[in-house]
Amino acid sequence: MPGIRLILTKNINLDYLRTFVLVVEHGSFSAAAERLDISQPAVSLQIRQLERSLGATLIERVGRRTRPTAAGADLLSHAARVESAVAAAVQAVARRAHGPTGRVRLGTGATACIFLLPPLLKDLRQRFPNLEITVATGNTPDIVKSIEENVLDIGLVTMPAAGRALEVTPVLKDEFLLLAPAGMSLPARITAEALSRKPVLLFEPGGNTRRIADEWFGRSGIDLRPVMSLGSVEAIKGLVAAGLGCAILPGMAVPRQAQRHDVVARPLSPRLYRKLAVVIRRDKRLHSGLNEAYRALKGLANPSPADPAIRP
């Protein structure tokens with residue numbers, strides 16, 4: 001269809017094309033509007049303007065769902081290639097002009113976000129000032145799901161993390177430690193049985209960090225009922241410092257706190273670790289900025305006394 005090819009090269013709006021693809025994928029204008037964080041009338045207007053530019057009806061309603069017309073199906077078959085070609089062109093120009101650029105949507109746990117990632121993110125920003133990085137925090141299952149659905153580009157999560165479409169690269173082994181008020185009487189060996197007689201604070205249920213702690217107690221036949229469960233590592237540390245109990249925390253969150261006079265840090269017996277991994281879709285297109293972020297996260301595997309690497 002020569003006429004349509006001419007219109008595509010001159011008049012098509014790529015944002016409207018992306019809106020059209022989302023309407024088809026989600027089966028409704030309202031779902032596409034929610035995904036784009038704009039109003040439904042704005043979505044409808046973009047589709048009408050796209051149809052006017054192309055001179056063809058692209059969407060039709062069938063019951064409660066919207067489906068592409070024959071012309072819409074033809075456009076849909078080309079949309080991915082159009083977006084990919086434009087992205088490749090922009091990336092090529094940006095690489096020549098300013099180095100790595102683009103947007104990286106990173107998901108991780110709150111503890112890693114606070115205690116592990118700031119130096120890495122600072123280094124990326126200093127080296128690549130045009131790289132846009134957004135960070136979302138959550139539990140491993142939620143982050144993995146968002147990566148599978150392409151809502152996030154990459155994640156640094158507590159294992160296990162699995163999915164047929166995912167590439168999972170273990171990078172860090174983080175030891176759990178007991179953080180206790182300085183005045184609390186502690187045995188020579190911090191066992192599960194010994195802690196069962198102490199007031200213990202734990203992370204709230206639902207995440208891998210809490211699951212790992214629960215399993216550690218379970219291996220000793222103890223079903224621990226913590227005096228409090230909280231979602232914030234800083235809140236837990238504050239309550240420990242106030243003398244309300246002891247806590248099992250990831251080692252990366254403890255070192256600075258353990259220098260204070262009101263708390264002490266001790267290893268558990270047997271020792272307990274969690275493994276952190278970088279997660280990304282196998283079919284993810286690595287634009288220059290995302291590739292640099294991916295390399296930096298995998299670089300966390302370099303050994304250090306605080307965070308010994310997992311070796312193949």
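Guide: Welcome! pLDDT is the predictor's confidence in each residue, from 0 to 100. The model here is a predicted one.

Visitor: What is the mean pLDDT of the chain?

Guide: Confidence varies along the chain. Residues 1-10 have pLDDT below 50, and residues 303-312 stay under 50. Still, 88% of the residues reach 70 or more, and the chain's mean pLDDT is 85.

Visitor: How many contacts beyond four places in sequence does the model have for residues 303-312?

Guide: This stretch keeps a pLDDT under 50 throughout. The model nevertheless gives residues 303-312 contacts beyond four places in sequence, and they number 18.

Visitor: Which helix gives the most to the largest nonpolar core?

Guide: That core has 24 residues. Helix 7 (117-127) and helix 12 (288-298) are among the elements that each supply at least two of them, as are strands such as strand 5 (154-158). With 5 residues, the top contributor is helix 12.

Visitor: Which residues of helix 12 does Ile 154 contact?

Guide: Ile 154 is one of the five residues that touch the most other members of the core. Helix 12 spans 288-298. Leaving aside neighbours within four places in sequence, the contacts of Ile 154 include Val 104, Ile 147 and Val 278, and, from that helix span, Leu 290, Tyr 294 and Leu 297.

Visitor: How many residues are in the other core, the one with Leu 178 and Cys 246?

Guide: This core lies apart from the largest one. Its members include Leu 195 and Val 200 as well, and its residues number 20.

Conventions: Residues are numbered from 1 along each chain as its sequence is written. This is a predicted model: local features need pLDDT of at least 70, side-chain atom pairs count only at pLDDT 80 or more; totals for chains, interfaces and linings use all residues. Side-chain values use heavy atoms; hydrogens and water are left out. A nonpolar core is a set of buried Ala, Val, Leu, Ile, Met, Phe, Trp, Tyr and Cys residues joined through side-chain atoms within 4.5 Å. Buried means under 20% relative accessible area, exposed over 50%, partly exposed in between (1.4 Å probe, protein chains only). Helices (H or I, at least four residues) and strands (E, at least two) are DSSP runs, numbered from the N terminus. Contact means heavy atoms within 4.5 Å.
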